[in-house]
Amino acid sequence: WQTENGVLLPSLQSALPFLDLHGTPRLEFHQSVFDELREKLLERVSAIALEGKVEERYKKLEDLLEKSFSLVKMPSIQPVVMCVMKHLPKVPEKKLKLVMADKDLYKACAVEVKRQIWQDNQALFGDEVSPLLKQYILEKENILFSNDISVLHNFFSPSPKTRRQGEVVQKLTQMIGKNVKLYDMVLQFLRTLFLRTRNVHYCTLRAELLMSLHDLEISEICTVDPCHKFTWCLDACIREKFVDNKRARELQGFLDGVKKGQEQVLGDLSMILCDPFAINTLALSTIRHLQDLVGQDTLPRESPDLLLLLRMLSLGQGAWDMIDSQVFKEPKMEAELITKFLPMLMSFVVDDHTFNVDQKLPSEEKGPIPYPSTIPEAFTKFLQENRIACEIGLYYILHITKQRNKNAFLRLLPALVETFSDLAFSDIFLHLLTGNLTLLGDEFALEEFCASLFDGFFLTACSRKENVHRHVLRLLLHLHHKVAPAKLESLQKALEPTKQSGEAVKELYNQLTEKLELRKPSPAEVTETPSMELPLPTVPTPTSR
């Protein structure tokens, strides 16, 4: 039996007793020969998949699959069967069904085979994609609520190319391969989830996925996605965080080029523009344009570049409504946004310039001119009723905070208590605001500043919005040492979590309490401090930086 079933090589028979002398079992010898042959077979299968005419090579592989498939559950043979299936562009339907029905086989097969299963089985594909989408949203939220508060490294710091290297985007790209049907399925999942949750991070993933396939030069998908060139151009703007004139013309060309009967593409374009990274770029560019217009004595309505930015902001902000209603036309721009709201923002810029010039002039007997403290009622109304005005207004406030312009910040802050669908209490705005407020760190020692910021703004929403509670605690964890002790104590009481508060709030509150405990001086130190202190002469504080 050994002779009949052994390796039939005449020269081997005399060599085998040597192995016996070394105490090597025949099993070990046969196993190593088997492994070696399997490796050779795997190499040969991969080679067959690349040589000869297409029909011939696939015929060979199909024959091989037919012969070997019955042994697919044998662990030693399974890799060969899987390798043959991997190299077949179309595995026979019957075989795919058998693989799909067996959990272990399904798990073991290559992604190339799974794609063939998924494309006719949307529910199974959805089960594979769903955990990745959840992970993606969680990653975005973790960045927004990160304890590292910095004006230099925030949510929008990573470049588009870096973001596309993320685990989820890479996995989805691999799962899709060159399969247009799977790509369409993923887009459908993203649209459905965006509609269900209104979560704008799904829009980011829509753009990142397309650009990831673009990086890999997968023309099979890029050429059929009507948004490809628009997204590519916008991606370059996001990288620069600015829409320059040349790219603005290109983007306008794409929007103007949407033909009659193809309006549905506006739904996809609006989703690409609803990506927070796109909104951020458009809003920053808008603020920059407004400042340039002030210098040029030009009104917003006379700037075509500015009008295009507003058009794209409007399309992005209207994405949810458009996809929900399935009415694919660009939202109508309100004339008052251009004729009243933007000139009002420009007047704020002028107020700052005027005030700064006044400060430099020699003061006359009438005394220094105070900074304007009132805000036009129309400004507050715009922020409450017009989504685009609200978005631009919030970005203007971020801009003045980044410039350390305390006066302008305190003047406009009251307008943020009530905004269009509570945009001023959204995670992205609060994430950026807390980062920019670190630049005004020294102002936290002043009662007036803290009262306006905490009592007048943050604490108005803390009890009804847990995310605001978290952002305030993040800010205090970073700047608690700058806040006056009495104010800090009252804030600590006001921010104490309730029974309904989530774990994240309780955890942050405990971290803050621990930090404050560590800062409290020991009783021995308290008695010694008076003798160390010298009376300091009072210095009048300048009214402006």
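Biologist: Hi! How many cavities of 30 Å³ or more does a search of the whole structure find?
Modeller: Hello! The search turns up 4 cavities of 30 Å³ or more. Keep in mind that this is a predicted model.

Biologist: Thanks. How much space lies in the largest cavity?
Modeller: The largest cavity holds about 100 Å³ of space.

Biologist: And which residues lie nearest the centre of that largest cavity?
Modeller: Those are R163, A207, D235, I238 and D275, out of 14 residues that line the largest cavity. Three elements give two or more residues to this lining: α10 (160-164), α13 (201-215) and α15 (228-240).

Biologist: How do the residues of that lining divide into nonpolar, polar and charged?
Modeller: The lining of the largest cavity has 7 nonpolar, 2 polar and 5 charged residues.

Biologist: Okay, pockets now. How much space lies in the largest pocket?
Modeller: About 1200 Å³ lies in the largest pocket. It is lined by 50 residues, and R198, V200, Q317, R387 and L423 are the closest to its centre.

Biologist: Which elements give two or more residues to the lining of the largest pocket?
Modeller: They are α9 (122-144), α12 (180-197), α18 (276-296), α19 (304-317), α20 (319-325), α23 (387-402) and α25 (427-437).

Biologist: Which element gives the most to that pocket lining?
Modeller: α23 does, with 6 residues in the lining of the largest pocket.

Biologist: And what's the split into nonpolar, polar and charged for the largest pocket?
Modeller: The lining of the largest pocket comprises 24 nonpolar, 13 polar and 13 charged residues.

Biologist: Switching topic, where does K406 lie?
Modeller: K406 is part of helix α24, which covers residues 406-412.

Biologist: With which side chain does the side chain of K406 make a polar contact?
Modeller: With the side chain of E443, at 3.5 Å. Beyond its neighbours within four places in sequence, K406 is in contact with L440, E443, L446 and F449.

Biologist: Last one, on helix packing. At what angle do α8 and α11 pack?
Modeller: Helix α8 (residues 111-118) and helix α11 (residues 167-176) pack at about 75°, and their axes are 8 Å apart. Angles of 65 to 115 degrees count as roughly perpendicular, so α8 and α11 are roughly perpendicular to each other.

Biologist: Which residues make the contact of α8 with α11?
Modeller: From α8 there are V111, R115 and W118, and from α11 there are Q174, M175 and I176. By class, this contact of α8 with α11 has 4 nonpolar, 1 polar and 1 charged residues.

Methods:
Residues numbered from 1 in each chain as written. Predicted model: local features only at pLDDT ≥ 70, side-chain atom pairs only at ≥ 80, totals over all residues. Heavy atoms only, no water. 1 Å grid on protein atoms, 1.4 Å probe; cavity = no way out; pocket = protein on both sides within 12 Å on 5 of 7 lines; lining within 4 Å. Points joined across faces, edges and corners; volume = space filled by probe spheres on them. Helix = DSSP H or I, 4+ residues; strand = E, 2+ residues; numbered from the N terminus. Nonpolar A, V, L, I, M, F, W, Y, C, P; charged D, E, K, R; others polar. Polar contact = N/O pair within 3.5 Å; in protein donor to acceptor, adjacent residues only side chain to side chain. Contact = heavy atoms within 4.5 Å. Axes fitted to C-alpha atoms, helices over the stretch in contact; angles between N-to-C directions. Parallel < 35°, antiparallel > 145°, perpendicular 65-115°, else oblique.
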